Amino acid sequence: MTPRIEILTEKKLIGKRLQMSLANNKTHELWRSFMPRRAEIINPISSDLFAVQVYEPTYFEIFNPNTVFEKWATLEVSDFDNIPTEMESITLSGGLYAVFELKGHDIAIFDYIFRTWIPNSKYDLDHRPHFEILGAKYIKDDPNSEEEIWVPIKE
């Protein structure tokens with residue numbers, strides 16, 4: 001599986017966030033609180049959902065499923081002029097990303113990305129947010145679902 005390499009331009013996102021770890025995964029809780037309220041975001045650029053992960057700089061040095069990170073459920077917006085109550089903003093500053101296309105929900109792709117692709121590529125992992133774009137072809141719990149996994153890289 002070979003990713004495409006993209007230069008991301010800055011993106012403004014509005015949504016909700018939670019602190020979690022892989023061992024104490026609160027992804028379902030996060031999206032359950034965001035989805036009923038996403039229509040309150042009045043200036044979305046598209047209907048694509050962004051699932052963003054923000055990791056501490058040392059997160060990937062030694063894998064520990066109990067290490068906490070921040071996860072966001074968001075929509076891309078044109079500006080931050082109207083942020084609904086109990087929601088927040090986050091800006092993706094842009095930069096170089098490896099983009100993997102995932103069909104289905106096989107989380108083994110993350111093992112491949114971090115243990116095989118990155119170590120054997122000309123790139124290193126960069127310390128910027130990681131994210132998935134859940135577009136029109138994303139269907140929760142469907143084996144034919146499609147999404148994009150964006151991993152920040154640097155040469």
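**Exercise 1. Find the salt bridge of Glu86 and say which parts of the chain it ties together.**

*Solution.* Start with the partner: in this predicted model, the side chain of Glu86 meets that of Arg37 in a salt bridge, at 3.7 Å from N to O. That value fits the cut-off, which asks for a nitrogen within 4 Å of a carboxyl oxygen. Next, place the two residues. Glu86 sits in the loop between strand 4 (69–77) and strand 5 (88–92), while Arg37 sits in the loop between helix 1 (27–34) and strand 3 (44–54), so the salt bridge ties together parts that are 49 residues apart in sequence. Finally, look at the surroundings of each partner. Glu86 has 66% relative accessibility and counts as exposed, whereas Arg37, at 15%, is buried. The cut-offs behind these words are under 20% for buried and over 50% for exposed.

**Exercise 2. Which residues are linked with Arg4 in a network of salt bridges?**

*Solution.* Take the partners of Arg4 in turn. One is Glu101, with the closest N and O atoms 3.0 Å apart. Arg4 belongs to strand 1 (residues 4–8) and Glu101 to strand 6 (residues 95–103), so this pair joins parts that are 97 residues apart in sequence. Another partner is Glu148, where the closest N and O atoms are 2.9 Å apart. Because Glu148 lies in strand 9 (residues 146–154) and Arg4 in strand 1, this pair ties together parts that are 144 residues apart in sequence. Now assemble the network: it links Arg4, Glu6, Glu101 and Glu148. As for accessibility, Arg4 is partly exposed at 27%, and Glu101 is exposed at 54%. To put the network in context, the whole structure has 11 salt bridges.

**Exercise 3. Are the rings of Phe60 and Phe114 stacked or edge-to-face?**

*Solution.* Two values are needed here: a pair of aromatic rings is described by the distance of the centres and the angle of the planes. The structure holds 13 aromatic pairs. For Phe60 and Phe114, the centres are 4.9 Å apart and the planes make an angle of 25°, which makes the pair stacked. The cut-off for stacked is under 30 degrees. Then locate the rings: Phe60 is in the loop between strand 3 and strand 4, and Phe114 is in helix 2 (residues 108–117), so the pair ties together parts that are 54 residues apart in sequence. Both rings can be checked for exposure: Phe60 is partly exposed at 33%, and Phe114 is partly exposed at 26%.

Compare this with Phe100 and Trp117: their ring centres are 5.5 Å apart and their planes stand at 85°, so this pair is edge-to-face. Phe100 lies in strand 6 and Trp117 in helix 2, so the pair joins parts that are 17 residues apart in sequence. Phe100 and Trp117 are buried. As a last step, return to Phe60 and Phe114: together with Tyr55, Tyr59 and Phe69, they form one aromatic cluster.

**Exercise 4. Describe the fold as a whole, from its elements to its contacts.**

*Solution.* Begin by counting elements: the protein has two helices and nine strands. Read from the N terminus, their order is β-β-α-β-β-β-β-α-β-β-β. The radius of gyration is 15 Å, close to the 15 Å that the globule rule gives for 155 residues, so the protein is as compact as a globular protein of that length. Buried residues make up 40% of the 155 residues. For the contacts, consider those with a separation of 6 or more: 77% of them come from residues 24 or more positions apart.

Technical notes
Residues numbered from 1 in each chain as written. Predicted model: local features only at pLDDT ≥ 70, side-chain atom pairs only at ≥ 80, totals over all residues. Heavy atoms only, no water. Helix = DSSP H or I, 4+ residues; strand = E, 2+ residues; numbered from the N terminus. Buried < 20%, exposed > 50% of the residue type's maximum accessible area, 1.4 Å probe, protein only. Phe/Tyr/Trp six-rings, centres within 6.5 Å; stacked < 30°, edge-to-face > 60°. Rg over C-alpha atoms; globule rule 2.2 N^0.38 Å. Contact = heavy atoms within 4.5 Å.
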